[in-house]
Amino acid sequence: MSINEFSTLKPQVVVPRYDRSQLKTRIAHIGFGAFHRAHQAVCADRLAAEQGSDWGYCEINLIGGEQQIEAIRQQDLLWSVSEMADADWCCRVIGVATAALHAEIDGIEAVLEALSAPDIAIVSITVTEKGYCHHPATGQLNTEHPLICHDLASPTEPRSLPGVILAAIKRRRERHLPAFSVMSCDNMPENGHVTRNVIVQLAEQQDVELARWIEQHVTFPSTMVDRIVPAMTPETQETLQGLLGVSDPAGVACEPFFQWVIEDHFVNGRPAWEKAGAELVQDVLPFEEMKLRMLNGSHSFLAYLGYLAGYQHISDCMQDPELVTAAQHLMLCEQAPTLRTQGVDLAAYAQALLARYRNRALKHRTWQIAMDGSQKLPQRMLDSIRWHLAHGSRFDALALGVAGWMRYVGGVDEQGQAIEISDPLKDTIAETVRNSVEGESRVAALLALKAIFGEDLPANPVFVAAVTRCYLSLLTKGVKGTLSAMNG
């Protein structure tokens, strides 16, 4: 698809009617994946179309995603977003990208120069939790991470996300350019604080004066993002081609639901996101916790247990009454009590989540959600478990979710089929599994992974007993038998 092919698109497709030549490259976005294309970019496109906004994006990938960058370069920096529901769809072409770069194709120098352009006011990020090179259990920089080790040795040729942003900040400071704000849009509690931690802590390893300058001049607003955007499959690509009337290798499909809550703390201006459906607030944390624990936590719960039981998609899991009952219990009885959110009907929120999960038009694979569990468990389940331990309350479903992850990373599902584990700690996890005896010993060995569980949880006998009980039940009764016993 290119701009001169608009005439070949189906007439229902919304296309940019604003003057794209008037866009200014004011946001650099790192992580040009499906989620960004279907979320932040859509918001910017609405602002350009409806409010005359001139905020354009320089799209950047550091590692992976070469095909997507090449694809939009070949089609005038355009791509399509199709909102899919069971009975309907709508599609729009996004036109707010003004440039696209890949560090491994164009070189890191081109990326650093783009981040150092005078007009850049915001650097936004969607690189998933593992891209921050941090310890998920603590939120602190992992100085032993291979990319961080490289950047400490070669700070002018960085490869990590923190290293690239730090090098750009240093360059801007040396050129007397205004600071930008760094805005994480990844699923982590207090994602702005995590981003600040890793960048400032890396700076302290290189230049303490620069670290203090960053603390004084750069802001790291936290955000909460919510929209289900499954990974694209050949089947989805074929469906979208039929809907669009043309092929779009960079196109994405997503659910109609959209939410974006942003901490309003920017040093060099921002778009009027609130005019395109975003919420600007002073404190994002209650919203982050609600989404991470109720949505993401239940998603991971369904992903591990559903995959083990043989369900390929989340919508398939929703056809199993036992899984639905357990997921609802998890959200309302074990996650909701831990939240600080005020003025939100959490029961209605839970029902709305279950309705979104039932959307059969979205083929959201359990395997995709199960990826990177070592990075996701702390904020999606373990923080809630810590709350329950402190309050002396039960957390049966959360313990089952952790046990489900343990069974999943064992590498074999209940049908005896091998599981392809995708996780930044997969080698460590595989070695732990390989060197432990199935059963209680396996649970103890996995709990010893401090990068995931910290030091407190493995030392807590209540937690260890609950997870071990659930794990042994999964071994003997399977997912369905365990759920049936838990649901009573």
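Helices here are DSSP runs of at least four residues, numbered from the N terminus. With that in hand, the predicted model can be read from its two domains inward to the spaces between and within them.

The domain assignment splits the chain into domain 1 (3-282) and domain 2 (285-487). Taken over C-alpha atoms, the centres of domain 1 and domain 2 sit 29 Å apart. Across the boundary, 33 residues of domain 1 touch 32 residues of domain 2. The size of an interface is often given as the accessible area lost when the parts come together. For domain 1 and domain 2 that figure is about 2,600 Å², with 59% of it on carbon and sulfur atoms. On the domain 1 side, Lys130, Pro136 and Ile228 stand out: they supply 21% of the area that domain 1 buries against domain 2, more than any other three residues.

Charge pairing also features at this boundary. Side chains of opposite charge can pair when their charged atoms come close. Between domain 1 and domain 2 the count is four salt bridges. Elsewhere in the list of pairs, Arg356 and Asp226 join through their side chains at 2.8 Å, N to O. Over the whole structure, the search turns up 26 salt bridges. Another of the pairs is Lys24 with Asp54, whose side chains meet at 3.9 Å, N to O. Lys24 belongs to strand β1 (residues 24-30) and Asp54 to the loop between α2 (40-51) and β2 (55-61), so this salt bridge ties together parts that are 30 residues apart in sequence.

Now to the open spaces. The second largest pocket has a volume of about 360 Å³. Its lining draws on both domain 1 (3-282) and domain 2 (285-487), so the second largest pocket lies between them. In total 22 residues line this pocket, and Pro136, Pro189, Val194, Gln379 and Asp383 are the ones nearest its centre. Pro136 thus turns up here as well as among the three residues named for the buried area of domain 1. Three helices, α8 (191-206), α11 (285-309) and α16 (373-391), each contribute at least two lining residues. Of these, α16 gives the largest share of the lining, five residues. By class, the lining of the second largest pocket is a mix of eight nonpolar, seven polar and seven charged residues.

Closed spaces are there too: the count comes to three cavities of 30 Å³ or more. The largest cavity holds about 60 Å³ of space. Around the largest cavity are Ile228, His299, Ile314, Ser315, Arg356, Tyr357, Asn359, Leu362 and His364. Two elements, α12 (314-317) and α14 (346-357), give two or more residues to that lining. The lining of the largest cavity divides into four nonpolar, four polar and one charged. Two names in it are already familiar: Ile228 from the area that domain 1 buries against domain 2, and Arg356 from the salt bridge with Asp226.

Terms used: Residues are numbered from 1 along each chain as its sequence is written. This is a predicted model: local features need pLDDT of at least 70, side-chain atom pairs count only at pLDDT 80 or more; totals for chains, interfaces and linings use all residues. Side-chain values use heavy atoms; hydrogens and water are left out. On a 1 Å grid over the protein atoms alone, a cavity is a set of points where a 1.4 Å probe fits but cannot get out, and a pocket is an open set with protein on both sides within 12 Å along at least five of seven lines; lining residues have an atom within 4 Å of a point. Grid points are joined across faces, edges and corners, and a volume is the space filled by probe spheres set on the points. Ala, Val, Leu, Ile, Met, Phe, Trp, Tyr, Cys and Pro count as nonpolar, Asp, Glu, Lys and Arg as charged, and the others, Gly among them, as polar. Domain bounds come from an automatic or database domain assignment. Contact means heavy atoms within 4.5 Å. Buried area is the accessible area (1.4 Å probe) that two parts lose on being put together, summed over both.
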